[in-house]
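Dear colleague,

I am handing over the structure below, together with some notes on what turned up when I went through it. Please have the model open while you read, since the notes move from the whole chain to its sheet and then to the helices beside that sheet.

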Amino acid sequence: MGGVSDFRTSVAFRSAERWLNEKRFPDDIDAILSRSNGSPNQSNLRDFLPGRVKRWALDEGPIPVFLANDARAGAAVALINKVLERSVFYAVPGLGRAVAPRAGLVVSLGTAAGSSKRPHEICIGNVSGLTDETGWDEDTVDEQGHFQRPLCVRIDSSAGHQATFDQVVHEFGHALGLGDHFPGFAEPDGAPAVDYAFWAALVRLYQLSPGDEYAA
Ligand SMILES: [Zn+2]
């Protein structure tokens, strides 16, 4: 049948378990979020609501996510729901891009596209609009965090390079508002794609209110 437990040996799964056991925020968690989410330099979120909390509203229900029948994506959204202890996602099995939803997340397989700044790297994941493979449409969500159009979670390269489960969870972290990398979120190069501080940052981000200003 498949499920989260298929990935129980991954760093993502084990660090999520550790978070759920300990629930201890790193001391600098708000500074981490202010840089990664509030004022990122490297990511697609750079020009999007600068200095403000970019997280998506859940008051009108969970975010629809079209999973393209991918076991990694299905397990990733289940693990994120478990860690955030709420239904962040409403999973729609199968279909993917063919649905062309009005809003929400769409998993697209084999279309990951890297940034022009690092053309030498094989890209196995990124988040972008449905039509622009690398850019993030600035009107994807409004200031209150409601989706206005779909956001595409692209995993695996067109040349057949496959993303690991950790890397798929990582891309969903970007799709939920984490921008620049930090220790625990693929920094430094070669570190796990997600680790304990990733879960702490995601939980903290979804305790904040969309549109709030970060302290300078
Ligand atoms: Zn990343």
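How many helices and how many strands are there in the chain? There are five helices and seven strands, and I should say at once that this is a predicted model. If you follow the chain along its sequence, the pattern that you will meet is α-α-β-α-β-β-β-β-α-β-β-α. The radius of gyration is 16 Å, close to the 17 Å that the globule rule gives for 216 residues, so the chain is as compact as a globular protein of that length.

On the overall dimensions, the C-alpha atoms fill a box of roughly 40 × 40 × 35 Å when this is taken along the principal axes, and 42% of the 216 residues count as buried. Among the contacts in the chain with a separation of 6 or more, 72% are accounted for by residues 24 or more positions apart.

The sheet is where I would look next. Five strands form an open sheet in the order S2-S1-S3-S5-S4, and the pairing within it is mixed. Its edge strands are S2 and S4 (125-128), each of which pairs on one side only. Neighbouring strands of this sheet are turned against each other by 20° on average, with direction ignored.

Which strands does S1 pair with in the parallel sense? One of them is S2: S1 (residues 63-66) and S2 (residues 89-92) pair in the parallel sense over four bridges, and here Phe66 has Val92 in S2 as its bridge partner. Between these two strands the chain crosses from S1 through helix H3 (residues 71-84) to S2, in a β-α-β crossover that is right-handed. The other is S3 (residues 104-109), with which S1 pairs in the parallel sense over two bridges, and there Val65 stands opposite Leu105 in S3. As general background, strands of a sheet pair through backbone hydrogen bonds, either parallel or antiparallel.

Two helices can be placed against these strands. H3, the helix of the crossover, lies across S1, S2 and S3 and runs at about 160° to S2. Helix H4 (residues 165-175), for its part, lies across S3, S4 and S5 (150-155), and runs at about 20° to S4.

With best wishes

Conventions: Residues are numbered from 1 along each chain as its sequence is written. This is a predicted model: local features need pLDDT of at least 70, side-chain atom pairs count only at pLDDT 80 or more; totals for chains, interfaces and linings use all residues. Two strands pair if DSSP finds at least two bridges between them. A crossover is right-handed if, with the strands pointing away from the viewer, the path from the first strand over the helix to the second runs clockwise. Axes are lines fitted to C-alpha atoms, for helices over the stretch in contact, and angles run from 0 to 180 degrees between N-to-C directions. Two residues are in contact if their C-beta atoms, placed from the backbone, lie within 7 Å. The radius of gyration is taken over C-alpha atoms; the globule rule is 2.2 Å times the number of residues to the power 0.38. A residue is buried if 20 or more other C-beta atoms lie within 10 Å of its own, exposed if 12 or fewer, and partly exposed in between; C-beta atoms are placed from the backbone.
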